[in-house]
Every structure is written in C-alpha cells, then in structure tokens.
Amino acid sequence: SLICFYSDKPPITNRKKNKKTFQQFHLLLKEILNDDALIQEWDAVFGNRFINNDAFYKLLFAALKDGKLSLVQVSQLLLLRAKEYDKIGIYYDASASAYQIMGMLNLDVSLCELTNVTSIEDSVNKQDIYLFFKTELVNLSDYKNLPFLLDEDENMRKLIVKCLDNKIDRQLIKAAVMPLIYGKTAYGFSEDLQDFFAKNYLYLSNSALLKLANFIINKLKTHTTLNKVNDFMALIRNFAKMLFDLDNVVIVGPYNECTVGYNKTITDKLSVYAHKKDIGVQRQKIHLNSLKKDNAGVPIKSKNKTVNAFVANFVHFIDGQICQFIIEQFVNLEYTDIGTIHDCFYIKPEHKKELQCIYKAGLVMGIFIYELNLAIWIHNFMNHYKIPVTQELLDYIHRLENTILNLRKERRNYQMSVSDFNRYPILNNEILIAAIQLIQQNVNSKTKASLQTILDFLTQRNLDSYKIILSKLTGGSALFPDNE
C-alpha cells in the first residue's frame, strides 16, 4: 500500500504500478495540494521515496492544524492514500448564480466583477456580493439611527443597536439580497429578522420588525450596484405583460422551451371541530386553496402571478441552459464523470480548468439566448398585431440561432481568446429598436406605454460593454467557481 507522492524527479514504479498510473497519481496529488509551497514542503519530506503510514499522517495532521489544508483536501488525500482516487471529486459551486447571470445578460461589468464572473484588475481575491452589501448597509448613516425610530423602549433599542453592530452576518443579508428577483417583500424578510433576533434572545414587536425590514429591503433595491438589475427586471416584466395578453408566455432555448403560466386561486376558510377528552370541543381554522375556474370549468390564468414570477423563471431557464451546455461539452470531451445540481458541479480535480473554460463559454451563450428571446418576442408581437416582420429581424434571429449552434459544436480546451468570439455577430440594438417603433404605430396607448419602457431600455443599453466583458473573460485566471 506504499505510494510515491508528487516530485519533479522521475517517477518510481514497481511491479504493481506502471508509469501511467504514477503520472495520474502525481497529477491528482498536485491538484489536491493546489499550492506550490505546500507541494515543495511535501516533496522535501518524501521526495520520490516510498512512505509509510506514520509519516503520511504526521505531515497530514500537521498541515491541517496549521490551516494549510482544508477538510475537503484531507478527505481527498485519505482517499488517495487508500488507492480510491477514482472516487475523488470536487464540488464547484456559484455563490450567487442569479446575479452572475444577470450581470452577463446586462453586460454589467461591475456586477460581473462583484460575482466573480470576471476578476477585478490587479486583484486575485474573490469577491462576495453578500458581504459587500452588508458593509454598504452598516455604513449608512440613517441605518445607524434607525433603531431609535423603532417603537421600542430605550433598553431594547440599545440591545438592538448592539446586536445589529456585532451580530449582523452574511446569512441575514443573503436572505434579503438573493430573493430580490423573486419579489421578496418586507413581510417575508421580517420573518428572517425575527429568527435572527431570536437567536440573540431579542424579541421585537411586529411593527418594529416590519419597519426594519422595509428599510433594509428598500436600501438594497435602490443601491446603485443594482441599477441595471432593476432595469432588467422591469424590462422582462413588461415583456411578460404583453406576452400574457397574447397567451404566449414562452421562453426559448437550444435545449428546450418553457411555457410560463400561473392560475388564479380562491381560498375557502373552514372551521374544523374536534372533541378532545377532558377539554371538550375545540375549533381550528384552516384555509383551503383551490383553482379558480370559468363557467366551462377551465382554470383561469393569473396575470399578476405570471408577470411577477417571470423574471425568476427566465433567469432560472438561462441557468438551466448553461448547465445542459456544460454537460454536453463534458460528454463531447468524453469526460463522463460529472454530476450537477443547479449551479453546482461535481467533477474530477483534473477537469477544473475545462469546467472554468466551458462555464465561461456557457455564460456567453446565455447572452445570445437572452438576445434571441428578445428578438422572438418582438417577432411574435408583430405577428399578433398583423405587422409585416422586417427581413432584418428575421435575419437577426437566424444569426443568433446559428451562433448558439456554433458555440455548442466547438470543442473547448483550457484557454480562450477574444478572437474565439470575434466571429460571432455583435449584438444589434438598432434592429430591435426599429421593430418596436414600428409596432408602436399600430397599438393602443396602454400597449404603447409598455413598449416605450422596452424601447427606453434598448436605447440606453451600451453594447460596448460586451467587448469589455469578453476581454476580461478570456484573459487572466478564472475566479469562478466561487466555492470549492
């Protein structure tokens, strides 16, 4: 069971292990240690000599106690030592995938940097969007005075101030920031605040919790970092309103399409009576939800629910397309050792660079899927209002479909360059703007107002950011995935 660890010296083989096995072994060990100083330290102790268990465990636990190895790395080394290295895998996870995707779709350079899609110039440190907003929040002057505006006595206010100053954490901020695209309300966040304060043995009144929740949610929503995200969400909701009126709320992608629809419900309030021994009759109120139906018995669709959920549905759809793209590319490379859960990928350590490269290409593909949907939705508007579809719009849709197909066909390696994307069509605002202006001439004032919001977004969209993001994506080391 003795093994030889990574060394710059030629690998030693014995009767039971051939040279190829050792080379795989060295690669795995180097990937696990993942630090030149640590590799040199282990190499200085063992070199290319066989080692025994005592020496192995002594160095292993010394490195663990000194904080040089994580528990994940220790578990991988133990598997490697037990000759079970085929079972070694690493989970790569995105800490804020929805904001990564929205940063790309909006060509928002600062949000891409904040979510580790691209790195900040001259920095190798990973960013954390939730810790960023925590810092922004606690530094607000009106935030510091907020507890004194709450409907609580003086002693409670002091305790609240102390708790917010010392105990507010990433988890609480994440509970507010992450679901903003789902339309999370202050009422929902007040429950998170209630749990947060209860863990610190503080029990605020409902009115104080709601006031605090309103303040935090509004400050986060209106933060300048999320300006483009808010504009994007308004755009998607306006499209959803118009698509709902067409009874055609559909999102299109290269792997599948998704029809979005939510039904109206009615709530019946019932009272249930139970007779319990020694207590007597007790009444319990329950709410029973059921679908609201028309006279023909067909469920009635809810415009409000469909529109409000459409942003989250759209972002998750793009996320799913990227996930399928990564699986497809791994299969093309004949790497079948991959497991996925949403934005989390479980792969062999030696395939990390391929994952980073393929994920980058998937994000670029997401931009074109987004643009394709905008073009198709506008195309459907023109058909509905019986306006002849322009040839420019038809050609644009065709080019976008071919671009996505070409992205899927290409075989990826460790590196990408800007030239890889230069042959793809540059996004074109003018074609979409011209089509929207044509539709505006043939609709009523209410529809015209929705179209104007879409038109304003397209007019203000800066496509020069596309080239900036591509150059950042293809240069330097990838910071994604955030968590390893």
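Me: At what angle do the axes of helix H5 and helix H14 cross, and within what distance do they come?

Reply: In this predicted model, the axes of H5 (residues 97-105) and H14 (residues 303-332) cross at roughly 90 degrees and come within 10 Å.

Me: What makes H5 roughly perpendicular to H14?

Reply: The crossing angle is roughly 90 degrees. Angles from 65 to 115 degrees count as roughly perpendicular. Therefore H5 is roughly perpendicular to H14. On the H5 side, the contact is made by Ser-97, Ala-98, Ile-101, Met-102 and Leu-105. H14 contributes Phe-314, Val-315, Ile-318, Asp-319 and Ile-322.

Me: Why is H7 called roughly perpendicular to H10?

Reply: The axes of H7 (residues 129-138) and H10 (residues 170-177) cross at roughly 95 degrees, coming within 9 Å. The range for roughly perpendicular is 65 to 115 degrees, so H7 earns that label against H10. Tyr-130, Leu-131, Phe-133, Lys-134 and Leu-137 of H7 meet Arg-170, Ile-173, Lys-174 and Val-177 of H10.

Me: How do you know what span to expect for helix H16?

Reply: H16 covers residues 391-409, 19 residues in total. The expected span is 1.5 Å times one less than the number of residues. That gives 27 Å, and the helix reaches 27 Å from its first C-alpha to its last.

Me: Which residues of H16 are buried, and what puts them on the same side of the helix?

Reply: The buried residues are Leu-393, Tyr-396, Ile-397, Leu-400, Thr-403, Ile-404 and Leu-407. Their arc around the axis is only 120 degrees, so they lie on the same side of H16.

Me: Why is Glu-392 called partly exposed?

Reply: Glu-392 is found in H16 too. Its relative accessibility is 48%. Buried means under 20% and exposed means over 50%, so Glu-392 counts as partly exposed. The C-alpha atoms of Glu-392 and Ile-431 are separated by 6.5 Å, with these positions 39 residues apart along the chain counted as their separation.

Me: What makes Cys-112 buried and Cys-258 partly exposed?

Reply: Cys-112 has a relative accessible area of 0%. The cut-off for buried is under 20%, so Cys-112 is buried. Cys-258 has 27%. That value falls between the 20% and 50% limits, so Cys-258 is partly exposed.

Me: How many disulfides does a search of the whole structure find?

Reply: The search finds zero. A disulfide would need a pair of cysteine sulfur atoms within 2.5 Å.

Me: What share of the chain is buried, and how many helices and strands does it have?

Reply: Buried residues make up 45% of the 484 residues. The chain has 20 helices and seven strands.

Technical notes:
Residues are numbered from 1 along each chain as its sequence is written. This is a predicted model: local features need pLDDT of at least 70, side-chain atom pairs count only at pLDDT 80 or more; totals for chains, interfaces and linings use all residues. Side-chain values use heavy atoms; hydrogens and water are left out. Helices (H or I, at least four residues) and strands (E, at least two) are DSSP runs, numbered from the N terminus. Buried means under 20% relative accessible area, exposed over 50%, partly exposed in between (1.4 Å probe, protein chains only). The arc is that of the directions from the helix axis to the C-beta atoms. Axes are lines fitted to C-alpha atoms, for helices over the stretch in contact, and angles run from 0 to 180 degrees between N-to-C directions. Angles under 35 degrees count as roughly parallel, over 145 as roughly antiparallel, 65 to 115 as roughly perpendicular and the rest as oblique. Contact means heavy atoms within 4.5 Å.
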